[in-house]
Each structure stands twice: as structure tokens, then as C-alpha cells.
Amino acid sequence: MAATFSRTEAPAAPLTDGHGRRISYLRLSVTDRCDLRCRYCMAEDMTFLPRSAVLSIEEMAELAERFVARGIRHIRLTGGEPLVRRGIDTLAMRLGALIGRGLDELTLTTNAMRLADHAPMLAEAGVRRVNVSLDTLDAAAFRHITRVGDLDAALHGIAAAQQAGLAVKINMVALAGLNEDQLLPMLDFCAANGCDLTLIETMPLGEVEDDRSDHYIPLHQFVAPLRAERPIWPVDKATGGPARYFAIEDSPVTLGLITPLSQNFCATCNRIRLTVEGRIYMCLGQDDHVDLRAALREGGDVDGLIDAALAGKPRAHDFHIERKSTPAVARHMSATGG
Ligand code: SAM
Ligand code: SF4
């Protein structure tokens with residue numbers, strides 16, 4: 001039976017890790033499944049978790065409520081693709097009800113394939129911002145990178161989200177030989193559609209068919225064509241997240257750069273990740289985790305386990321793109337929640 005937590009219980013100690021970092025941001029992976037198969041993220045033929053291993057919507061909501069009681073201020077729903085999870089609307093509504101009662105913000109990261117259908121529900125739940133993964137505006141390249149995706153569906157989803165009042169930020173993974181020509185068109189798209197843009201270096205998470213080191217490109221190289229065209233300069237926008245932000249001359253777009261490989265960002269990390277199996281991963285780039293599922297189902301000491309997880313949060317990740325044969329971390333990004 002699932003343990004239940006009352007918000008009238010005395011608040012437990014706030015979350016601080018063993019390096020003194022205050023943890024206020026939870027990424028909640030609501031499924032490891034996805035309707036796309038992006039080459040850098042998944043193998044074409046993925047084995048997904050059996051249903052018995054997966055937390056129910058009720059269990060996820062209870063854990064999320066517990067985390068908010070412990071001082072989590074921002075929850076991002078992710079996956080896998082969060083919008084393929086049955087019951088996502090129930091979960092979003094339940095977590096949205098915590099906004100203003102401990103939670104400041106509920107956000108979502110999506111591939112936008114189903115965003116048009118869900119945007120009004122997300123807005124109603126209290127979501128105000130979504131991140132959409134869009135690596136290219138070229139329909140053939142989009143199909144190639146995602147293996148099965150349809151660019152028009154993604155663009156339709158973005159438009160529907162904006163119509164529902166959601167701010168959209170685009171996430172673009174920099175992929176040598178696949179989307180290097182797309183930075184300037186993507187910036188134009190973002191400027192025309194009122195979106196910000198964050199670029200991400202490809203990280204060695206999970207086995208995929210491609211050799212990621214073939215497509216790895218450091219962001220300073222990826223943005224070189226932009227720098228050649230106009231000045232960009234750093235702006236102060238401390239989110240506790242991994243991105244560094246830049247303004248671009250003559251552009252309304254704020255450009256974020258996430259450089260886990262070429263420039264480590266761990267010192268100010270304020271986040272933890274909860275997987276759909278109920279595991280807390282303290283770091284995207286490490287395998288250490290604490291399993292909450294059994295304690296949750298058997299009425300065990302969930303708070304004690306959360307404290308143990310925090311005490312063990314590592315100082316930094318352990319990514320090295322040059323490890324060709326084995327990825328730094330065996331699980332895929334879709335398992336932990338990107
Ligand atoms: N399916 C949703 C989506 O694609 O937005 C949410 C989950 S996805 C795992 C979250 C983010 O992780 C996406 O922006 C995706 O591009 C990124 N991602 C996935 N695998 C990655 C990898 N190996 N290196 C860098 N980014 C990755
Ligand atoms: Fe699915 Fe997102 Fe991974 Fe692409 S990046 S395969 S959309 S989970």
C-alpha cells in the first residue's frame with residue numbers, strides 16, 4: 001500500500017546536500033517511454049520498464065508532495081516523453097494545486113508531438129513555461145534525428161502552447177554533421193516566435209547505435225558562425241541550472257549554453273531527479289541512486305532515504321566524450337529525465 005503524507009505534518013528539514021548546496025528543484029520523470037527515438041538519446045529498439053516497476057500517478061503525486069514539503073520550489077515534468085504518460089493530466093492538476101503552497105513553479109519538457117492536445121490542460125493546471133526539444137527546422141533532418149518524428153507536428157504543438165498562454169523555450173542539442181547549419185535559422189525562428197533558445201552538448205548517457213563522439217561538437221565551435229556574424233555577451237541570469245546565458249546583438253532571443261563536457265557546471269547545482277521507478281538520482285552524470293519505491297509502497301522511512309540521497313549527492317558529474325566504447329553512464333537520458 002502506498003504511504004500517504006499529510007501537508008499538515010510538521011515540515012521536515014529542508015534539503016541541503018553534503019556540499020552545502022540547497023536543493024530546490026526536482027525533475028520528475030513520469031515515464032521512460034517516448035513516441036520518438038532521437039539518435040543521441042535512444043536506441044532504435046529500446047526495452048522499456050515493465051509496468052510493475054513504474055510508479056503510479058498517485059505514487060508520483062505523493063512523492064512530489066513530500067518533496068515540496070521538504071522545500072522543493074520548482075518541479076519539471078519530463079521523461080521519456082511526459083505527454084505519452086497516461087494520467088499526465090491528473091498529475092499536472094494535482095501538482096499545479098501546490099503552486100503558491102510551497103511550490104513556485106511547475107514546468108514541462110516535451111518533444112511537442114502531442115503538445116497541441118495537452119497545452120490547454122497544462123495551462124489550466126498552472127504551467128506557465130514549457131521547454132520544447134527541437135534540433136532542426138529542416139523536415140528531413142528532423143525525421144533523420146528523431147527517426148520517426150514529424151516537424152509539422154512539433155511546430156503545431158509550439159503554436160498551440162503559445163496560444164494557450166505558455167512561454168516556450170527551445171532546447172537544441174548540438175550535433176556535428178546533423179544540425180550545424182541550423183543555428184542561425186533557429187535563432188530567426190525563435191526571434192519571430194518569441195522563444196528563447198538553449199543549446200546543449202550531447203552527453204554520453206546510455207548505449208545508442210551511433211557513436212556519439214562522431215556527433216559531439218563543443219558549443220564554442222557550434223556558435224562560431226553566430227559570433228562571426230554579430231556580438232554576443234554574457235547576461236546575468238542565475239537559475240542554479242547548468243546554462244550560461246548570452247544576449248545577442250539585434251535579437252530579442254536569450255541564448256543559453258549547456259556545456260557539461262567542455263565546461264563543467266556542477267558547483268551551483270540545485271537539482272535532483274526522481275525516476276519513474278522511484279529512484280532519486282543525485283546527479284545526471286553518476287550512477288549513484290537511492291530507491292524510494294519500496295519504502296513508499298511498504299510505509300518505510302521515505303524522508304530518511306531522501307536525506308541519505310542528499311548526503312551522497314556528488315560534487316560533480318563524470319562525463320568524458322572520449323570514452324568511445326562505453327558511455328559514462330549506462331542509463332539513457334530518457335530513463336533519468338533530461
Ligand atoms: N522527451 C522530452 C524532450 O525530448 O524534450 C523530454 C525528455 S528528453 C530526455 C529531455 C532533453 O534531453 C531533451 O532536450 C533532449 O534533447 C535531451 N537529451 C536527450 N539525450 C541527450 C544526450 N545524450 N545528450 C544531451 N541531451 C540529451
Ligand atoms: Fe524521446 Fe526526448 Fe529522448 Fe527524443 S530526447 S527520444 S523526444 S525522450
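**A short tour of the pockets and ligands**

Hi everyone, let's start with the second largest pocket. Its lining is made up of Val30, Thr31, Asp32, Arg33, Leu49, Pro50, Arg51, Val54, Val84, Arg85, Arg86 and Val276. Please keep in mind that this is a predicted model. The volume of this pocket comes to about 290 Å³. How do the residues of its lining divide by class? Six are nonpolar, one is polar and five are charged.

Now let's move to ligand 1. How many residues surround it? There are 19, and the closest are Tyr40, Gly80, Glu81, Ser133 and Met203. Three of those names come back when we look at individual atoms, so to speak one by one. For Tyr40, an N or O atom in the side chain sits 3.0 Å from an oxygen atom of ligand 1. At Gly80 the partner is a polar backbone atom, and it lies 3.1 Å from a nitrogen atom of the ligand. With Ser133 we are back to a side chain: one of its N or O atoms is 2.4 Å from an oxygen atom of ligand 1.

How much of ligand 1 does the protein bury? Taken alone, the ligand exposes 540 Å², and the protein buries 96% of that. As for where the shell comes from, three elements give two or more residues to it: strand E3 (105–110), strand E5 (167–174) and strand E6 (196–201). By class, the shell around ligand 1 has six nonpolar, ten polar and three charged residues.

Next up is ligand 2. Which residues are around it? They are Cys34, Leu36, Cys38, Cys41, Met42, Gly80 and Asn111. You will recognise Gly80, which is also among the closest residues to ligand 1. The shell around ligand 2 divides into five nonpolar and two polar residues, with no charged ones.

Last stop: the cavities. The structure holds two of 30 Å³ or more, and the second largest contains about 40 Å³ of space. Which residues line that second largest cavity? Here we find Leu36, Cys38, Tyr40, Asn111, Ser133, Leu134, Asp135, Phe142 and Thr146. Some of these are familiar by now: Leu36, Cys38 and Asn111 are also around ligand 2, while Tyr40 and Ser133 are among the closest residues to ligand 1. The lining of this cavity has five nonpolar residues, three polar and one charged.

That's the tour. Thanks for listening!

Methods. Residues numbered from 1 in each chain as written. Chains lettered and ligands numbered in written order. Predicted model: local features only at pLDDT ≥ 70, side-chain atom pairs only at ≥ 80, totals over all residues. Heavy atoms only, no water. Near = heavy atom within 4 Å. Polar contact = N/O pair within 3.5 Å; in protein donor to acceptor, adjacent residues only side chain to side chain. Areas by Shrake-Rupley, 256 points an atom, 1.4 Å probe, with all protein chains shown as cover. Helix = DSSP H or I, 4+ residues; strand = E, 2+ residues; numbered from the N terminus. Nonpolar A, V, L, I, M, F, W, Y, C, P; charged D, E, K, R; others polar. 1 Å grid on protein atoms, 1.4 Å probe; cavity = no way out; pocket = protein on both sides within 12 Å on 5 of 7 lines; lining within 4 Å. Points joined across faces, edges and corners; volume = space filled by probe spheres on them.
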